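This report describes the fold of a single protein chain, taking its sheet, its core and its helix packing in turn.

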Amino acid sequence: MHSGFAQPRCGCLQIRETVPLLWVFLHGQTQKVGSPLENLRKLRSSVHLAKKMGTELGRGALLFRPLSIAARQLRQQAPIGRPRVKVFYTDQYVLPLPPTHTFPMAKYRLLRQAVDDSGLLADDELVTPPSASDEELERAHARDYVERVSQNRLTDAEQLKVGFPWSEHLVERSRRSSGATIWATHAALEDGCSINLAGGTHHAFRDRGEGYCLFNDSVVAARAIQASGRVRRVVVLDCDVHQGNGTASICEFDPTIYTFSIHGAKNYPLKKERSDLDIELPDRTEDQAYLDALERGLRHAIESSRAELAIYLAGADPYVDDRLGRMAVSMAGLAERDRMVFDACHRAGLPFVITMAGGYARRVEDTVAIHWQTVRRALRQYARGSRLSQESREKSR
Ligand SMILES: [Zn+2]
């Protein structure tokens, strides 16, 4: 449990009546005054705690209502220029899948709920993105393919390879998810880091989809931000357990997008494509071997790419209890992976976008917990994101 939070001072006058009551309630005393940002963080985590207590003890209403009012007031009065991380979500576009389908559609909703409940975000930081346009999609995909997907003209065999039956929801969801990564690239350039709570659909090729992937959001977004003129070179750091074969294939002859994939040698896809850097790991690879290989790969990829923006695919499927992973990385190992990727980007002055990619744990809660620990780490480091953004801007001058 945290040690308590301090009395907000500048810019927070209106909550002076509410907050002292909460201190007494939670901590029995007031504590030293911190910065408004620090107060905001501590209050948000107290809201989260109160919600949990409310659930467990059945007395949430008493605690939670004044806390949440105070948190909202604090949010509205947060200091100008407060660093932030924008989070894009699309889980309201649910695919109508049969109950026996192996794809864990619920993970997206559960993950967004975890983000929402955490109190770590202001209202305008959790955003539904616009759809990717035809023009944006066609920078990564063949026009004919985009049209056939949009108009329900994929063959049965093509749909079978994608793994989802065609529906308008499928098209809209895929367009939105690419839109989320596009918008996240812009947000990352402003704030240092941003998050798409879906995306990472790296098995989509220029003219076909497979493995639950219809459009390749990483390449669509990389080319959209390049077309905007804000960035010339992008590095894709693909840590999903399956090779990013679609990404590698689309970018094979594109020197401006560097593709790095660390994945299971014997896992899907059986026929691998050639990324700029591939690291293949044997079945049942454990934490230390995984992280050692990742460290080498990150260093090499970031140095070689000379990129100005990174897109990180934080797949949950290298996890030991993943049904499709064949690896043996623990949840703590995956947390360490996130830390290494964030730190590597930070050291290089690279703004980065995080996308979720795959995750098929036996218990969907485990997949959500792995994605959540990635997101939470990013949200808790958002002050760093601000500095990173500044450093990047100075670097690009
Ligand atoms: Zn995967």
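## Sheet, core and helix packing

Strand β5, which spans residues 257–264, runs parallel to β6 and is joined to β6 by five bridges. Within this pairing, Phe-260 has Leu-277 of β6 as its bridge partner. The description rests on a predicted model, in which the protein has 14 helices and eight strands.

The β5–β6 pair belongs to an open sheet of eight strands with parallel pairing, in the order β2-β1-β3-β8-β7-β4-β5-β6. Because β2 (126–127) and β6 (277–281) each have a single partner strand, they stand at the edges of the sheet, and one side of each is left without a neighbour there. Strands of a sheet pair through backbone hydrogen bonds, either parallel or antiparallel. For β6, one face is covered and consists of Leu-277, Ile-279 and Leu-281, whereas Asp-278 and Glu-280 make up the uncovered face. Leu-277, the bridge partner of Phe-260, is thus listed on the covered face of β6. At β2, the partner strand is β1 (residues 86–88), which pairs with β2 in the parallel sense over two bridges; here Val-87 has Leu-126 of β2 as its bridge partner.

Val-87 appears again among the contacts of Leu-197, which touches Val-87, Phe-88, Tyr-89, Asp-91, Tyr-108, Leu-111, Arg-112, Val-115 and Met-356, when residues up to four places away in sequence are not counted. Leu-197 is also one of the residues that touch the most other members of the largest nonpolar core, a set of 94 residues in which Val-235, Leu-237, Ala-310 and Tyr-312 are named alongside Leu-197 for this. The element that gives the most to this core is helix α8 (residues 168–191), with eight residues. Over the whole protein of 397 residues, 48% count as buried, and among contacts between residues at least 6 apart in sequence, 75% join residues at least 24 apart.

What share of helix α9 is buried? In α9 (residues 217–227), ten of the eleven residues are buried, and the helix is mostly covered. The buried residues are Asp-217, Ser-218, Val-219, Val-220, Ala-221, Ala-222, Arg-223, Ala-224, Ile-225 and Gln-226, a list that includes charged and polar side chains such as Asp-217 and Arg-223. Just after α9, Gly-229 takes a positive phi of about 85°.

Two helix pairs can be set side by side.

| Helix pair | Axes come within | Crossing angle |
|---|---|---|
| α8 and α9 | 8 Å | roughly 40° |
| α12 (residues 331–347) and α13 (residues 364–380) | 10 Å | roughly 30° |

The axes of α8 and α9 cross at roughly 40°, and α8 is therefore oblique to α9. The crossing in which α8 passes α9 is right-handed, and the residues that meet are Ser-177, Ser-178, Thr-181, Ile-182, Thr-185 and His-186 from α8 with Asp-217, Ser-218, Val-220, Ala-221, Ala-224 and Ile-225 from α9.

For α12 and α13, the angle of roughly 30° falls under the 35 degrees that counts as roughly parallel, so these two helices are roughly parallel to each other. α12 passes α13 in a right-handed crossing. On the α12 side the meeting residues are Met-331, Leu-334, Ala-335, Asp-338, Arg-339 and Phe-342, and on the α13 side they are Ala-369, Ile-370, Gln-373, Thr-374 and Arg-377. An α-helix has 3.6 residues a turn, so residues three or four places apart point the same way.

Note on methods. Residues numbered from 1 in each chain as written. Predicted model: local features only at pLDDT ≥ 70, side-chain atom pairs only at ≥ 80, totals over all residues. Pairing = 2+ DSSP bridges. Helix = DSSP H or I, 4+ residues; strand = E, 2+ residues; numbered from the N terminus. Core = buried A, V, L, I, M, F, W, Y, C linked by C-beta atoms within 7 Å. Buried ≥ 20, exposed ≤ 12 C-beta atoms within 10 Å, placed from the backbone. Contact = placed C-beta atoms within 7 Å. Axes fitted to C-alpha atoms, helices over the stretch in contact; angles between N-to-C directions. Parallel < 35°, antiparallel > 145°, perpendicular 65-115°, else oblique. Left-handed = near helix turned anticlockwise from the far one by under 90°.
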